[in-house]
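The following exercises concern a single structure. Each task is followed by a solution in steps.

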Amino acid sequence: VPAASTLHFCSAYGRPCIVLDPFHPTYAKYAGNNIRIRNKEGASALTHHLHERGARHLTFVQIVTDHIGHDERWRGAKQTWLEHAPAETLRKVYIDEITDDDLQKIATRRDGAIFCSNDHGAMQIWHRLRRLGIGVPKDIRLAGFDGDEYGALIGLTTALFDSQALAQKAFSGLYQLMTKDADKLGLESIPITMRTGSTS
């Protein structure tokens with residue numbers, strides 16, 4: 001489960017199990033054993049980086065709606081951006097809302113950045129910018145999240161987490177629940193590292 005943002009451990013029929021359903025309405029309020037990647041911290045680091053690279057207007061493009069990981073990334077980006085710039089320089093849109101005219105306007109400013117809540121969406125934006133003749137990062141700085149291998153091919157600036165460490169923690173936690181007198185492991189989190197690429 002390397003692409004998962006959160007793993008839940010629970011008991012079903014007296015046996016521990018993993019619940020992986022970020023779209024379930026109770027997901028965000030789940031209080032049981034879980035392992036998470038540090039979405040908010042990763043988004044904060046990327047946002048700080050974009051500002052350091054000269055961005056004075058930030059457009060956050062959320063790719064997946066009603067998803068706790070993407071929501072956490074927005075909160076991290078918003079909090080950090082507002083520590084550096086006024087609120088009117090920050091905008092949040094969903095991927096299906098951002099138009100070619102929007103992209104042209106951002107590019108015209110020459111001091112804008114787009115931060116997509118995952119690399120898949122960032123790649124979509126990158127292809128659209130190329131089609132419009134907009135330079136990255138000359139006209140728009142661009143960043144994503146997740147460390148997708150296809151993003152690496154274009155030098156996408158992104159945040160990535162150790163998927164192997166996530167899988168190992170999940171397995172060891174599940175094994176402990178199955179073999180020991182333990183019903184509570186608490187919360188563990190997987191650190192995020194930033195990969196600076198040519199798009200910023």
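**Exercise 1.** Determine which strands helix α4 lies across.

Solution. Helix α4 (residues 119-131) lies across β6 and β7, where contact means heavy atoms within 4.5 Å. Its direction is about 155 degrees to β7; axes are lines fitted to C-alpha atoms, for helices over the stretch in contact, and angles run from 0 to 180 degrees between N-to-C directions. Helices (H or I, at least four residues) and strands (E, at least two) are DSSP runs, numbered from the N terminus. The model is predicted: local features need pLDDT of at least 70, side-chain atom pairs count only at pLDDT 80 or more, and totals for chains, interfaces and linings use all residues. Residues are numbered from 1 along each chain as its sequence is written, and side-chain values use heavy atoms, with hydrogens and water left out.

In the loop between α4 and β7 lies P137. The peptide bond from V136 to P137 is cis, with omega near 5 degrees.

**Exercise 2.** Establish the strand order of the open sheet and identify its edges.

Solution. The 4 strands follow the order β5-β4-β6-β7, with parallel pairing; two strands pair if DSSP finds at least two bridges between them. At the edges stand β5 (90-94) and β7 (140-143), each with a single partner strand, so one side of each has no neighbour in the sheet. From one strand to the next, the twist averages 20 degrees.

Next, consider one pairing. Strand β4 (residues 57-62) and β5 run parallel and are joined by 5 bridges. F60 has K92 in β5 as its bridge partner.

**Exercise 3.** Describe how helix α2 is placed against the sheet, and how F60 and W74 are arranged.

Solution. Helix α2 lies across β4, β5 and β6 (112-116), running at about 170 degrees to β4. The structure holds 2 aromatic pairs. F60 and W74 form a tilted pair, 5.2 Å centre to centre and with 50 degrees between the planes. Rings of Phe, Tyr and Trp (its six-membered ring) pair if their centres lie within 6.5 Å; planes under 30 degrees apart count as stacked, over 60 as edge-to-face and the rest as tilted. Because F60 belongs to strand β4 and W74 to helix α2, the pair ties together parts that are 14 residues apart in sequence.

In the loop between β4 and α2 lies D66. D66 is not a glycine, yet its phi is positive, at about 50 degrees.

**Exercise 4.** State the angle and axis distance at which α1 and α2 pack.

Solution. Helix α1 (residues 39-52) and helix α2 (residues 68-84) pack at about 40 degrees, with their axes 7 Å apart.
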